[in-house]
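Trainee: I'm new to this one. Could you take me through a single part of it, the place where the two chains meet, and stay with it for a while?

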Amino acid sequence: MRNVVIILFVLLFCLPAVADQRGVSFEKDGLVYVISSETIMPRWSAGENKRTLKNVGEVYVSGVTVSDSSVAIPPIVLYPSTFCRKDTTVLAEYNVRGIGAGAFRGARLKNLIIPFGLKFIGDEAFRDLEITSGVLAVPPATRMKRNVFEGMKSKVLLLYSRNVNINDDAPLMIYFENTFENKEDLPDFYVVHGDRNAVPVGMDRRLLYTIGKNVWVDWLRNSWGKDFYDRMLMFGVFRYEAVNAYSGFRTLGGNSAPQITCKYKSSKYEKVGTDIDMLPMPEFVCMNFYTGKKDTYDEFVMNETLFRCKKGEKYSYFTLDGKPITDTESLLDASGRDPFGLQVRTKEEVKEKNAAKERENNLNKKVDDLKKAFGF
Amino acid sequence: MMRIAFTIIFAFVLTSRLFADGWSMGDVIEKDGISYKVLVSYLVVDRKESPDTIKGPDKFYCSGELMVINVDKNLKDVVIPPVVERFRVVGLTDSLFFGHEHDRIWLPELQFAGSGCFAGLKVGSGALVVHNIANLGDGVFDSLDADLIFDITKRINIGNAFRKKKEESRFVFSAPKGVVKIKTEMLKYIRGCRVYDDCYSATSNNFTKWIRKAFNGDEAFMKNALNDRGYNLGMRSYSTTPVKDKNGLLIVVSAVNVKGLGYPWGTLTNDYYRQSRYAVINKKNRRKLLYYQQFIPVPDATQKKGWYVKFIDKEKEVETKYTLNGKQMKK
C-alpha cells in the first residue's frame, strides 16, 4: 500500500502540465510543425516604439509535404494562433527548435537549409533523404539522435565551426547519441579542417573527411544558393539561428510591476526519447511585488488588463500591477469563459447556473407580485 | 719485366671493371623508357663488405644522385624507381611530364621536382600520388588533369608550387583541375600554404582507399612502395685497412651543396649543383680531418697490398696519394 502511494506521488510530480497547444500541428511552406509550448507575453516593438502582446512559442518540424524543391527551415515561423485569443488573425511567433523523428524520411529535395541552434534532430530524421544539389549542410543540434543520416544519398557537411565564425551561439556541447550506430549505409561526412579537433561527444572521427575553407564556401554557395549565402555573409557572421523564444519581462512598465522570469523545466525532460519531450515546457517564475510572494507557474498569459497563471490544475488571475482577483466569477462571460477564452464553467454548469438564476428571478418576481397584491 | 707486364694487365682489368660500373657527373642513363642524368657520383662499397674484406680497388662501386630528365610519352604506366644502379633518384627536371598522358605513375620520395614538372599531365586513373618531395618549383601542378594526393610524412617546401608567374611578373594561383587530397594527420605540414584552404583530407582508412583508387586497386603496382626500402646504395664510410689495424685511413663520402656554383634547387634543376666530398681521417691522428673532391683507388703491384689510394682536391688542383696504412706517398 505504501509503495502504491509512493508511485502515485512520483507520477503526480512527473506528469508535465500540458498547455492547450502542446502537440497541435500545422503546415506552412511545405513543412509540418508541431507546437511544443506557447504563451502570450509583451514584446518590445522597435518599429512602433511600444510594447505589444504577442503569442510566442516553440515548434519542431515533423514532416515535409513537398518534393524536388528547395526547403528552408526558418528559425522563426509565423502562423495564426488561437491560443488564448479571440482574434485569430494575429500571427504567433514560433521558434523552430528541432527536427522530429523521420521528418524527412525518404524525401527528395533540391536543397534543405537548416538553421543553427536547434535543440535536437530526432531518430532517422534524414533517413534515405536525397538532396539533388549534392550536399546537405547540417549545423548539428545539441542532441543528435539515433541513425539520423542512415541511407542518405548525398554528402553531409557538418557545420559546427567556430574557426569559420559561423555560429557563435552554437551549443558548446553536442551529443551524438548512436547517430552513427549503423555504419553500413552512411553518406560521406565532411567538416572544415580545424573542426575535426573539436569533434563533440559520440562522434567517430574516423568517419570524417575534412575540407578547406574555400571548398566549404563553394559547397555552401552551391547548396544554399549564392544569394542566400552572400546575405549571410553580409552580416559578418552566420546568424541564421533560432533565438530563445522566452525571455524575462514585467507585466507593466515600472519597477513595481510583477516581474516574470522564464525558465525551462528540469533537464530531466530532455532525457526522454520522444520528440515533444525534448522540448521541455517553460516555467514562469513570478515575483509579485504587490503580494510580496514569489511563485512558479506552468502557464502564463496576459492581456491589456490582467494576467492569468496556472499552477497544477488551478488558475489564478491578477491585475497587471499584481493584485489578485478573488472574484473570478465576475471575469466570466455568459458562456462560462474567462477573458482568455478558457472554458472555466462547463455548459451544464452554466445552464444550471442560468436556470438557478432564472428560478431566483422568477421567485423574486413572485415575491414582488405577492407584496404588491397584499399591499406591503 | 714480367712484374711490370703483370702490373699493367692487373691495372687494366681492375680499371675496366671500375669503369663498367662508373658514371660520372653529366652522364645520362637510360632504363625502361626513362632517362636519368647523373648529378653527382662518388665511390661506395657494398653493404656486405667490411673493413676486413676491402682488399682491392675492385671492392668500390660508383654511386650518386640522379635526376629524371625524360620519360617516354608512350609509357602507359610510369614507375620511377628510387634507385637505379646504386644511384638514388633525387629529382625530376622542369616540365618533365608536361603534356604527357599516362595511366598510372609511381614516384619515389624525392628531393625536388622542377618547375611545371606535372603541369598539364593527364593521369588515367584520376589521381597522381606524390610522396615526400622536399622542394617544389613554380607551378608544379599547374592544370594537372587529375586529383593530387599528397602522401607525405613530413613538411614539404611548397614554395610557389601552386602559383605560376604571369607575363607581367605577377604570381597567380594555379592548382590541379581535380582536388588536392591529404591524410588528415598530415594537414599540419601544409598549414599556412594556400592549398590548405582548398584541400580535402581523410583519416587512414579512407585515405588508403583514395590511394588504392589512384592505382586502380592494383596491389602489384602498389608494391612498388617496397622498392623504397631495402635497396642497396652501398656504404658511404669505409676503411683502407682492417678494423684492428692501428694504421690506415677512414673515408666518409657525401655530396654537398656548392654555393659558389649556385644553390641546389635554388631555381631547382637549372642551377642545380652538388659535389662529392670525401672526408679522410688518419687512424693515427683522428683529430685531423682532410676533405677532397675525388677519390681513386689505384691498383699498383709495387705496393705491398697491391693498391694505394689517390685523392684529388679540384679547387687546388692537387693530387695526394696515400698508402693503405695512411702514409703519404711522394709524388
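Mentor: Sure, let's start with one pair of residues: Thr210(A) stands opposite Ser201(B), which belongs to S16(B). Keep in mind that this is a predicted model. That pair is part of a strand-to-strand link: S16(A) and strand S16 of chain B, residues 199–202, run antiparallel and are joined by three bridges.

Now step back to the whole contact between the chains. Chain A puts in 12 residues, and chain B puts in 12 residues. On chain A's side, the elements giving two or more residues are strand S16 (208–211) and H2. S16(A) has the largest share there, with four residues. Sort chain A's side by class and you get four nonpolar, four polar and four charged residues.

H2(A) deserves a look of its own. Helix H2 of chain A covers residues 213–224, and at 1.5 Å a residue its 12 residues should span 16 Å; the end C-alpha atoms are 16 Å apart, so the two agree. Which of its residues are buried? They are Val215(A), Trp216(A), Leu220(A), Ser223(A) and Trp224(A). Look down the axis of H2(A) and those buried residues fall within an arc of 140°, so they line one face of the helix. Here's the background: an α-helix has 3.6 residues a turn, so residues three or four places apart point the same way. Right after H2(A) comes Gly225(A), with a positive phi near 95°.

Methods: Residues are numbered from 1 along each chain as its sequence is written. Chains are lettered from A and ligands numbered from 1 in the order in which they are written. This is a predicted model: local features need pLDDT of at least 70, side-chain atom pairs count only at pLDDT 80 or more; totals for chains, interfaces and linings use all residues. The expected span of a helix is 1.5 Å times one less than its number of residues. A residue is buried if 20 or more other C-beta atoms lie within 10 Å of its own, exposed if 12 or fewer, and partly exposed in between; C-beta atoms are placed from the backbone. The arc is that of the directions from the helix axis to the C-beta atoms. Two residues are in contact if their C-beta atoms, placed from the backbone, lie within 7 Å. Ala, Val, Leu, Ile, Met, Phe, Trp, Tyr, Cys and Pro count as nonpolar, Asp, Glu, Lys and Arg as charged, and the others, Gly among them, as polar. Two strands pair if DSSP finds at least two bridges between them.
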